[in-house]
Structures are given as structure tokens and as C-alpha cells.
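Please open the model in a viewer and keep the sequence panel at hand. The tour below proceeds by selection, with a short account of what each selection shows.

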Amino acid sequence: RYLRLRNVLPPGLLSAARERIIRMATKATGGRNVSLPAKTPRQSNGTADDTERWWNEVSEPTTRSWNIQMMWAVDPVVRAIVLSPRIGDIVCKLLDCDNVRMYHDNFLSRVPGSKRTLWHCDDGPNGYMALSGRKVVTVWFPLHRTTPENGALVFPRSDDEEKVANGEVRGVAKRSLDSWDVAKLDGCPKEEQSDEYDEFCASALESSGARPDTWTYELGDLSIHATDCFHSAGPNLSGNVRNIIAATYFSDKTTMRTDKCLETMSKGQLCDWKKFAPGVQPGEEVCTKFNPVLPHSP
């Protein structure tokens, strides 16, 4: 369901990408989070206490929390990371295919004080992504040292998986529940981004014997998970912003799914389909110029 790898990419490349993305994002957004309503700061009355409150409002840390996509299309350093032949080799082996394509990238920051990310999967029974089939993975590239204290990924790991990993028992581990398993449970909420769904998943995972599994990522490490694999991220309890790139890849020859109606899907979902697979119709192969094939070893 998920895999962690050490020393995959050069730390200097990742550090350079972080600096370039922050510089571009700051220029493009004026330093604020464009997903939040614009805040008009009030005037200070000049007292020390009031001035401090006023400054905290103006420099609210959430203005540095971003979710920015398709950076690879405009920046050569980001492109060198997410279209790396090393990544192409790894993902081809994991998906057991000859070639893999890019679906999209995503720059995610979490400011100090950010709450934990709810349990969720990137895709699953509700079919949010445009891609048919299940040969799809997300790769998580930390852009600095990332720990459980500043918001590293969290996955569910069953006792059985733990025992197999530690060599205590032999054989194939009984895997943790995925989104397909949870969707079959009585009372599963339909809205996968709700607090109710998060609570339901947490209860189901715990009842199945799974417990949270997290890790410290040094610069150059990465994580890979199936898009129907549950994951979360802890709160950012540090004093620094956590920055990562997430990129989703799929097996070449994959077609656009046909089980969703373009006329009735949500505006956000339709926008993503048009953005990440522009011009592709249901049943057609997803192979636009925005879905390049990753170079890799023969």
C-alpha cells in the first residue's frame, strides 16, 4: 500500500526547487493563501498591545500555506524532480508496466500550528480522478527534513504487517483496510472530505487492528502510496513551514474513466479533469502534452 525510500534524489536539487517555488508563489499571490478570503487589516490605535494584535492579523501565518499545482510545466528544476528518470524507473517497477505518465504535481505547505490532515485517499470508490483502473500512485517529495512533529505522512499499519516487516512471522501480511473496504461498511459517510468520514475511517482502521505509522524523512527521501491507500499527516507543531511536492503517476495506455457523468459531477472535479487531462473524453487514452511519459532505463 505504501513504500518509503532513502536517498533517492540529490538534496541540492530539492532545496533549489523549494526556493524557486516559494519565490514564484510569493510573487504570484502577494504572499497570501489565495484559497482564503482576503483580509483587510484594521488600523492600529497606536498602543503597544493593539499594534501587536494588528501586526499578527497582517502577518497571519496562514498566508504562507499554499496548494499549487502544475509547477513542473513552468519551472525546469521542479520538472527535473517530478520527471526524473530515477522516479520513472521506480514507478514502472511498482506498477509493472513499460511506461508511466504524469497526472499532476502539487506543492503543499503547512504553516506552524496547522491541524492534522484528515484520513483520506487520493482516489477510490467515489472516482475523483479522471483515470480508469488502479495502476496509479502518488509520490511524496519532502523539500526539507520532515518529521512527525512538523506534519509527516501517516499510514495505517496492521499488527500482521508489523510482524511480517519485523521478521516475527513469515508469509504475506494481511493488509490494512483501503477505501474500497471502508466504503462497503454500514454507515460509511458519502462525503470523503468530511469530519464524519475521518472519524468513521479512524474507527474502522482501529477496529481492524491497524495503528498509525509515521517516519522521519531526510532531504532526498520519498514516500510512494497507492491512490486508494488511506493516509493522513500530523499537525505542524514546529516553528517552520513544512513544504513538500506530491506528484501522481499512472500506467501508460490508461483511459479516462467512463463511470462518471461530466454533466453532473462537481465543478471542482470537472475543473481538475479539464486541467490534468485537457480535451480527453471518457474512454479515450490519457496522453496529452500535460501527461508526459517519464524517461527511464530500458
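Is aspartate 228 buried or exposed? Select this residue in the predicted model: aspartate 228 is buried, with a relative accessible area of 7%.

**Stop 1: the salt bridge at aspartate 228**

Add arginine 1 to the selection. The side chains of aspartate 228 and arginine 1 form a salt bridge, at 2.4 Å from N to O. The two partners come from distant parts of the chain, 227 residues apart: arginine 1 lies in the segment before E1, and aspartate 228 in the loop between E8 and strand E9 (231-233). Arginine 1 counts as partly exposed, at 34% relative accessibility.

**Stop 2: further salt bridges**

Next, select arginine 257 and aspartate 259, whose side chains meet in a salt bridge of 2.8 Å, N to O. Arginine 257 counts as buried at 9% relative accessibility, whereas aspartate 259 counts as exposed at 52%. Now display Arg1, Arg134, Asp178 and Asp228 together; salt bridges with shared partners join these residues into one network.

Move on to arginine 145 and glutamate 218, which form a salt bridge with the closest N and O atoms 3.0 Å apart. This pair also links distant parts of the chain, 73 residues apart: arginine 145 is in the loop between E5 and strand E6 (153-158), and glutamate 218 is in the loop between strand E7 (210-214) and E8. Arginine 145 is partly exposed, with a relative accessible area of 47%, and glutamate 218 is partly exposed at 33%. Over the whole structure, a search finds 14 salt bridges.

**Stop 3: a buried glutamate without a salt bridge**

Which side chain of opposite charge is nearest to glutamate 192? Select lysine 260: its side chain is the nearest of opposite charge, yet it is 8.5 Å away, and buried glutamate 192 has no salt bridge. A salt bridge requires the nitrogen and oxygen atoms to be within 4 Å. Glutamate 192 is placed in the loop between helix H6 (179-183) and helix H7 (195-207). Select asparagine 126 as well, since its side chain makes a polar contact of 3.2 Å with that of glutamate 192. Beyond neighbours within four places in sequence, glutamate 192 is in contact with Trp119, Cys121, Pro125, Asn126 and Tyr197.

**Stop 4: the nonpolar cores**

Select Val82, Ile87, Phe141 and Tyr249, the residues with the most contacts inside the largest nonpolar core, which has 48 residues. Elements that each supply at least two residues of this core include helix H1 (11-29), helix H3 (76-82), strand E3 (100-110) and strand E10 (242-251). H4 gives the most to this core, with five residues. Centre the view on phenylalanine 141: leaving aside neighbours within four places in sequence, its contacts include Leu9, Leu14, Ile81, Val82, Leu222 and Ile244. A second, separate core has ten residues, among them Trp119, Cys188, Leu205 and Ala210. In soluble globular proteins, nonpolar side chains tend to be buried together.

**Stop 5: helix H4**

Select helix H4 (85-95). Its buried residues are Ile87, Gly88, Asp89, Ile90, Val91, Cys92 and Leu95. These buried residues pack against strand E1 (2-5), H3, E3, E5, E8 and E10. At the start of H4, a side-chain oxygen of serine 84 comes within 3.0 Å of the backbone nitrogen of arginine 86. Just after the helix, aspartate 96 adopts a positive phi of about 55°.

**Stop 6: the cysteines**

Why does cysteine 229 not form a disulfide? The closest cysteine sulfur, in cysteine 121, is 8.9 Å away from that of cysteine 229, which is too far for a bond; the cut-off is 2.5 Å. The count of disulfides comes to zero. Cysteine 229 counts as buried at 3% relative accessibility, and cysteine 261 as partly exposed at 36%.

**Stop 7: proline 278**

Proline 278 lies in the segment after helix H8 (267-276) and counts as partly exposed at 28% relative accessibility. Select phenylalanine 290, twelve residues from proline 278 in sequence and 7.9 Å from it in space, C-alpha to C-alpha. Not counting residues up to four places away, proline 278 touches Trp273, Thr288 and Phe290.

**Final view: the whole chain**

Display the full chain, with its eight helices and ten strands. Of its 298 residues, 44% count as buried.

Methods
Residues are numbered from 1 along each chain as its sequence is written. This is a predicted model: local features need pLDDT of at least 70, side-chain atom pairs count only at pLDDT 80 or more; totals for chains, interfaces and linings use all residues. Side-chain values use heavy atoms; hydrogens and water are left out. Helices (H or I, at least four residues) and strands (E, at least two) are DSSP runs, numbered from the N terminus. Buried means under 20% relative accessible area, exposed over 50%, partly exposed in between (1.4 Å probe, protein chains only). Lys and Arg count as positive and Asp and Glu as negative; His and the chain ends are not counted. A polar contact is a pair of N or O atoms within 3.5 Å; within protein, one must be able to donate a hydrogen and the other to accept it, and residues adjacent in sequence count only if both atoms are side-chain atoms. Contact means heavy atoms within 4.5 Å. A nonpolar core is a set of buried Ala, Val, Leu, Ile, Met, Phe, Trp, Tyr and Cys residues joined through side-chain atoms within 4.5 Å.
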